[in-house]
Amino acid sequence: MAKINRIRTFALALIFIGIFIMYIAIFVFSENPILMSFAMIIGFLSVLSSALVYLWIGMQSMKTVQVICPSCEGATKILGRVDACMHCNEPLTIDKALEGKELDARYNRKSSFNPK
Ligand SMILES: [Zn+2]
């Protein structure tokens with residue numbers, strides 16, 4: 001799955017988890033104000049961090065390179081050196097040195113990448 005889509009799915013899941021926790025706080029812990037406010041804070045933080053993730057995706061997507069996928073010929077975005085096509089999950093790279101090699105997420109970590 002393309003990285004941006006994956007992060008978006010994660011951010012969306014965080015919102016639902018946050019709302020779910022707050023829902024539990026109100027309807028399940030209503031007898032216990034300490035537990036309720038604790039759960040409310042956790043739920044609120046979850047929704048808040050999701051908003052931060054969305055903000056971060058917005059900034060990351062400015063750094064992406066738009067390319068035409070050679071496999072499905074759709075326009076997709078590459079984040080980092082190696083990413084997957086948004087439409088067909090074809091692994092793509094913008095680095096000529098990696099072309100034709102088996103692509104792996106570890107190529108995105110510059111420190112561990114050792115071209116041989
Ligand atoms: Zn594609």
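These are my notes on a zinc site and an aromatic pair in a predicted model.

**Zinc site**

I started at the metal and asked which protein atoms hold the zinc ion. The donors are the SG atoms of Cys69, Cys72, Cys85 and Cys88, and they sit 2.2 to 2.3 Å from the zinc ion. Next I looked up the angles: the four donor atoms subtend 107 to 113° around the zinc ion, so the arrangement is tetrahedral. For reference, I noted that the ideal angle for four tetrahedral donors is 109.5 degrees. Along the chain, the donors of the zinc ion are spaced C-x2-C-x12-C-x2-C.

Then I checked where two of these donors sit. Cys72 is in the loop between strand S1 (65-68) and strand S2 (75-78), while Cys88 is in the loop between strand S3 (82-84) and strand S4 (91-93), so this pair ties together parts 16 residues apart in sequence. Buried or exposed? Cys72 comes out partly exposed, at 33% relative accessibility, and Cys88 is partly exposed at 33% as well.

**Aromatic pair and surface patch**

I searched the whole structure for aromatic pairs and got one. It is Tyr23 with Phe27, a tilted pair with 4.8 Å centre to centre and 45° between the planes. Tyr23 and Phe27 are separated by about one helical turn, because they are four residues apart in helix H1. That helix spans residues 3-27.

I also looked at how open Phe27 is: its relative accessible area is 56%, so Phe27 counts as exposed. Both ring residues turn up again in a nonpolar surface patch, where Tyr23, Ile26, Phe27 and Val28 together have about 440 Å² of accessible area.

Key:
Residues numbered from 1 in each chain as written. Predicted model: local features only at pLDDT ≥ 70, side-chain atom pairs only at ≥ 80, totals over all residues. Heavy atoms only, no water. Patch = residues over 30% accessible without salt bridge, like charges linked within 9 Å, V, L, I, M, F, W, Y side chains within 5 Å. Areas by Shrake-Rupley, 256 points an atom, 1.4 Å probe, with all protein chains shown as cover. Salt bridge = Lys/Arg side-chain N within 4 Å of Asp/Glu carboxyl O. Helix = DSSP H or I, 4+ residues; strand = E, 2+ residues; numbered from the N terminus. Buried < 20%, exposed > 50% of the residue type's maximum accessible area, 1.4 Å probe, protein only. Donors = N, O, S within 2.8 Å, 3.2 Å for Na, K, Ca; no water. Tetrahedral: all angles 85-135°; square planar, octahedral: opposite > 155°, others 65-115°. Phe/Tyr/Trp six-rings, centres within 6.5 Å; stacked < 30°, edge-to-face > 60°.
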